[in-house]
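Q: I have a model open on my screen and I'd like to learn how to read it. Can you walk me through it, feature by feature?

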2 protein chains.
Amino acid sequence: MLQDSDAKAELDAIVETIVYLYTESRRLTKQAAREVGLTGPQLTVIKLLDTFGDLSLSTLSERIRAQNSTVTGIIDRMEREGLVLRERSTSDRRVVYIRLTPKGRQLSKDVEVQPMEIFRDVLATLSRDDTKDLLRILSKLQKRVRGLVKDRETEGR
Amino acid sequence: MLQDSDAKAELDAIVETIVYLYTESRRLTKQAAREVGLTGPQLTVIKLLDTFGDLSLSTLSERIRAQNSTVTGIIDRMEREGLVLRERSTSDRRVVYIRLTPKGRQLSKDVEVQPMEIFRDVLATLSRDDTKDLLRILSKLQKRVRGLVKDRETEGR
DNA sequence: CGCGAATACTTCGTACGCGAAGTATTCAGC
DNA sequence: GCTGAATACTTCGCGTACGAAGTATTCGCG
């Protein structure tokens, strides 16, 4: 009966591959950003702001899956470089909106690479069926992880 | 003809989900490590050394997909905490082997969580067919990314 | 043998990335 | 309308994470 160890090897291979795809895409994005004097996260922020318009710092944090304290630092450095501006909301003075400067907007236009671009490119080469299968299975996984995460949060109270 | 925008939305969803699964698994691993006074990478290193025995710093770097300079720092801190030892190879004096101390080995036994554990757990709930499909498609993606990466490296010379 | 290239690792500077604690502002309920 | 809880953001300390430059050692080849 090799089923168990086979299954385990398959799981390892899947985890290994996901980690590879993620880290490699990230590395290549970083490399592309570098060529215009940006870091990976900074490129992501610029593209988000260019696409969605001004965003509050919290919204930005959610979008790039980072803590507010992390994004504060990223915005600090981008502000120093004249790529973005901080603007207090008048309706809720706790909120800070981040806005692209002309320089920041121009830079966004200059860089055609999207975050995780390489990953997207390669995904686009999959057959229609493979794409659908992949999304279906991944969604299943995501749903279950969300369930587990919620359980842990609840249990800790 | 909505095919194009549909397809694009699907790609976005896939990328989004992969990023979610990866970052969430990482976050939860970090949390588990925290409970025994370790960081995420440190837990990973301890588990690797406990499983494979002494490893050179370079081997360790490859395994955790980080640069040597990063791992040097991680090992510095672990050595300071008495979890590992550095040992010069006698056959090649450039090489440094990293070895678990009894304290480090004990800690590894104490923590039952593997790196990316949550991801593994959830993967294990997939049907046999889904698992096979997922691995098949991901392998395809990985192969193509490897191809692209190799192309870029070659073209830059 | 001898010496330039390659390899293994370290050091340094900068940028994330996080959690805990702090500040300012708004909200909720009385 | 007052006050304690909640929310948005910042600050701080620490640990990655990387690339470039530096050191020590080994390899390759004439």
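A: Happy to. Keep in mind that this is a predicted model. Let's begin with how the protein chains relate: chain A superposes on chain B after a rotation of 180 degrees with 0.0 Å of shift along the axis, at an RMSD of 0.1 Å. This is a two-fold axis, because that is the relation such a rotation describes.

Q: Which C-alpha of chain A is nearest the axis?
A: That of A:Leu134, which is 3.2 Å from the axis. The two copies also use the same surface, as 100% of the contact residues of chain A recur in chain B. The general idea is that two copies of a chain are related by a rotation about an axis and a shift along it.

Q: Now the DNA. Which residues come nearest to DNA strand D?
A: There are 26 residues around DNA strand D, and the nearest are A:Ser58, A:Thr72, A:Val96, B:Arg26 and B:Thr39.

Q: Which part of DNA strand D does the protein approach, sugar or phosphate, or bases?
A: Take the atoms of DNA strand D within 4 Å of the protein: 76% belong to sugar or phosphate, and the rest to bases. Individual contacts show each kind of target. A backbone N or O atom of A:Val96 is 2.6 Å from a phosphate oxygen of DNA strand D. A:Lys30 has a polar side-chain atom 3.5 Å from a sugar or linking oxygen of that strand. For the bases, look at A:Arg94, where a polar side-chain atom lies 3.0 Å from a base oxygen of DNA strand D.

Q: Which helices supply the surface near DNA strand D?
A: From chain A, helix H1 (3-34), helix H3 (57-63) and helix H4 (68-80) each give at least two residues, and so do helix H2 (40-52) and helix H4 (68-80) of chain B. H4(B) has the largest share, five residues. By class, that surface holds six nonpolar, ten polar and ten charged residues.

Q: And what surrounds DNA strand C?
A: Here too you'll find 26 residues, the closest being A:Arg26, A:Arg77, B:Ser58, B:Thr72 and B:Val96. Among the atoms of DNA strand C within 4 Å of the protein, 75% belong to sugar or phosphate and the rest to bases.

Q: Which side chains should I click on around DNA strand C?
A: Try A:Arg77, with a side-chain N or O atom 2.7 Å from a sugar or linking oxygen of DNA strand C. Then go to B:Thr72, whose side chain places an N or O atom 2.7 Å from a phosphate oxygen of DNA strand C. Finish with B:Arg94, which has a side-chain N or O atom 2.9 Å from a base oxygen of the strand.

Q: Which helix gives the most to the surface near DNA strand C?
A: That's H4(A), with five residues. Helix H2 (40-52) and H4 of chain A, along with helix H1 (3-34), helix H3 (57-63) and H4 of chain B, each supply at least two residues there. The classes are six nonpolar, ten polar and ten charged residues.

Q: Where does A:Arg77 sit, and is A:Arg77 buried or exposed?
A: A:Arg77 is in helix H4 of chain A. Its relative accessible area is 39%, so A:Arg77 counts as partly exposed. For a sense of distance, A:Ser139 is 62 residues away from A:Arg77 in sequence and 36 Å away in space, C-alpha to C-alpha.

Q: How do I read the strands?
A: Strands of a sheet pair through backbone hydrogen bonds, either parallel or antiparallel. In chain B, three strands make an open sheet in the order S1-S3-S2, with antiparallel pairing. Strand S1 (55-56) and strand S2 (84-88) of chain B are the edge strands, each pairing on one side only. S1(B) pairs with strand S3 (residues 96-100) of chain B over two bridges, and B:Leu55 stands opposite B:Ile98.

Q: Which strands pair with S3(A) in chain A?
A: Strand S1 (residues 55-56) pairs with S3(A) in the antiparallel sense over two bridges, with A:Ile98 as the bridge partner of A:Leu55. Strand S2 (residues 84-88) also runs antiparallel to S3(A), joined by five bridges, and A:Glu87 stands opposite A:Tyr97.

Q: Which residues of S3(A) are on the covered face?
A: In a regular strand the side chains alternate between the two faces of the sheet. In strand S3 (residues 96-100) of chain A, the covered face has A:Val96, A:Ile98 and A:Leu100, while A:Tyr97 and A:Arg99 make up the uncovered one.

Notes: Residues numbered from 1 in each chain as written. Chains lettered and ligands numbered in written order. Predicted model: local features only at pLDDT ≥ 70, side-chain atom pairs only at ≥ 80, totals over all residues. Heavy atoms only, no water. Near = heavy atom within 4 Å. Polar contact = N/O pair within 3.5 Å; in protein donor to acceptor, adjacent residues only side chain to side chain. Helix = DSSP H or I, 4+ residues; strand = E, 2+ residues; numbered from the N terminus. Nonpolar A, V, L, I, M, F, W, Y, C, P; charged D, E, K, R; others polar. Buried < 20%, exposed > 50% of the residue type's maximum accessible area, 1.4 Å probe, protein only. Pairing = 2+ DSSP bridges. Least-squares fit on C-alpha atoms with pLDDT ≥ 70 in both. Contact = heavy atoms within 4.5 Å.
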